[in-house]
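Colleague: I am new to this one and would like to see how its labels are earned. Could you take me through it step by step?

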Amino acid sequence: AAKISSLYDHILCLLPFEPPYFKREGLNASFVGHPILESSAKNGNGKKFRKLYGIKPKDIVLCFLPGSRDTEITKLIPIFLKVLMRLKQEGRKFRVVVPTHQGIIEKVKMKIKNWPGKPILVQTESEKYDAFSASNVALAASGTVSLELALANVPTVIAYKLSPITAWFVKKAIKVKYINLINLILDK
């Protein structure tokens, strides 16, 4: 914030807790809202999605979002698989949906091809929002997707994996109570 305050006269903030942070450094800041609020995340059609993929209304659907960057995918997919294997060992029945995008679909497809729960890959934004609406719970990489999932009313566990050294540094450097955007916004 101190560095940025010397470069700009005014900053437009996406999240409500940001303006005070910048104002403490003498930088004018206004909260304008996050563009994700304009998305259709809350308008997905879960019934249509379940019908399209032959998923019964009572079936459990797990939405897994391992991120969009190579490092996120590489680090989180093995952890997400451990979750699925544990659920399978406990005798749980479920379907898995993995929203992704064109740039990483082949990489994700290769990594999840042997997953339990007959994974369904979806690419488009409308399919993603339909998948959210059809899901009972989500496991997602930390980031903007947590806002989309909150808008869609999907209970979500946020995951992120750091190297031990980076994790140690982050714990020392970050001075917030929460990491997830939703918890930061709600302050609970």
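Modeller: Gladly, and please keep in mind that this is a predicted model. A good place to begin is the disulfides: the structure holds zero of them.

Colleague: How do you know that the structure holds zero disulfides?

Modeller: A disulfide needs two cysteine sulfur atoms within 2.5 Å, and the structure holds zero such pairs.

Colleague: What makes C13 and C63 count as buried or exposed?

Modeller: The cut-off for buried is under 20% relative accessible area. C13 has 2% relative accessibility, so C13 counts as buried. C63 has 0%, and therefore C63 counts as buried too.

Colleague: Thanks! Before more residues, what does the whole protein look like in numbers?

Modeller: Its secondary structure comes to nine helices and seven strands. The C-alpha trace spans about 55 × 40 × 30 Å along its principal axes. Of the 188 residues, 36% are buried. The exposed surface is about 11900 Å², with carbon and sulfur atoms supplying 57% of it. As for charges, there are 30 positive and 14 negative ones, and their mean positions are 10 Å apart.

Colleague: How much of the contact pattern joins residues at least 24 apart in sequence?

Modeller: Taking contacts between residues at least 6 apart in sequence, 52% join residues at least 24 apart.

Colleague: Now V97, please. Why is V97 called buried?

Modeller: Buried means under 20% relative accessible area. V97 has 0% relative accessibility, so V97 counts as buried. You will find V97 in strand β4, residues 95–99.

Colleague: Which residues is V97 in contact with, leaving aside its neighbours within four places in sequence?

Modeller: V97 is in contact with F49, V61, L62, C63, F64, I120, V122, A131 and S135. Contact here asks for heavy atoms within 4.5 Å. By way of a distance in space, the C-alpha atoms of V97 and S39 are 20 Å apart, and these two residues are 58 apart in sequence.

Colleague: What makes a group of residues a nonpolar core?

Modeller: The members must be buried residues of the nonpolar kinds, joined through side-chain atoms within 4.5 Å. The largest set of this sort has 19 residues, and those with the most contacts inside it are F49, L65, V97, F132 and L149. At least two residues each come from β3 (61–65), β5 (120–122), α6 (125–134), β6 (137–141) and α7 (145–151). The largest share, four residues, comes from α6. Another core lies apart from it, with 18 residues, among them L62, I77, F94 and V108. In soluble globular proteins, nonpolar side chains tend to be buried together.

Colleague: And what does L149 touch, not counting residues up to four places away in sequence?

Modeller: L149 touches L65, F132, A138, A140, V154 and T156.

Colleague: Let us turn to backbone angles. What makes the phi of K118 worth pointing out?

Modeller: Most residues other than glycine have a negative phi. K118 is not a glycine, yet its phi is positive, about 40°. K118 is found in the loop between α5 (105–112) and β5.

Colleague: Which other residue has a positive phi, near 60°?

Modeller: N153, a residue other than glycine, has that value. Its place is in the loop between α7 and β7 (156–159).

Colleague: Why are K118 and N153 called exposed?

Modeller: Exposed means over 50% relative accessible area. K118 has 62% relative accessibility, so K118 counts as exposed. N153 has 69%, and therefore N153 is exposed as well.

Notes. Residues are numbered from 1 along each chain as its sequence is written. This is a predicted model: local features need pLDDT of at least 70, side-chain atom pairs count only at pLDDT 80 or more; totals for chains, interfaces and linings use all residues. Side-chain values use heavy atoms; hydrogens and water are left out. Buried means under 20% relative accessible area, exposed over 50%, partly exposed in between (1.4 Å probe, protein chains only). Accessible areas come from the Shrake-Rupley method with a 1.4 Å probe; for residues, only the protein chains shown count as cover. Lys and Arg count as positive and Asp and Glu as negative; His and the chain ends are not counted. The place of a charge is taken as NZ of Lys, CZ of Arg, CG of Asp or CD of Glu.
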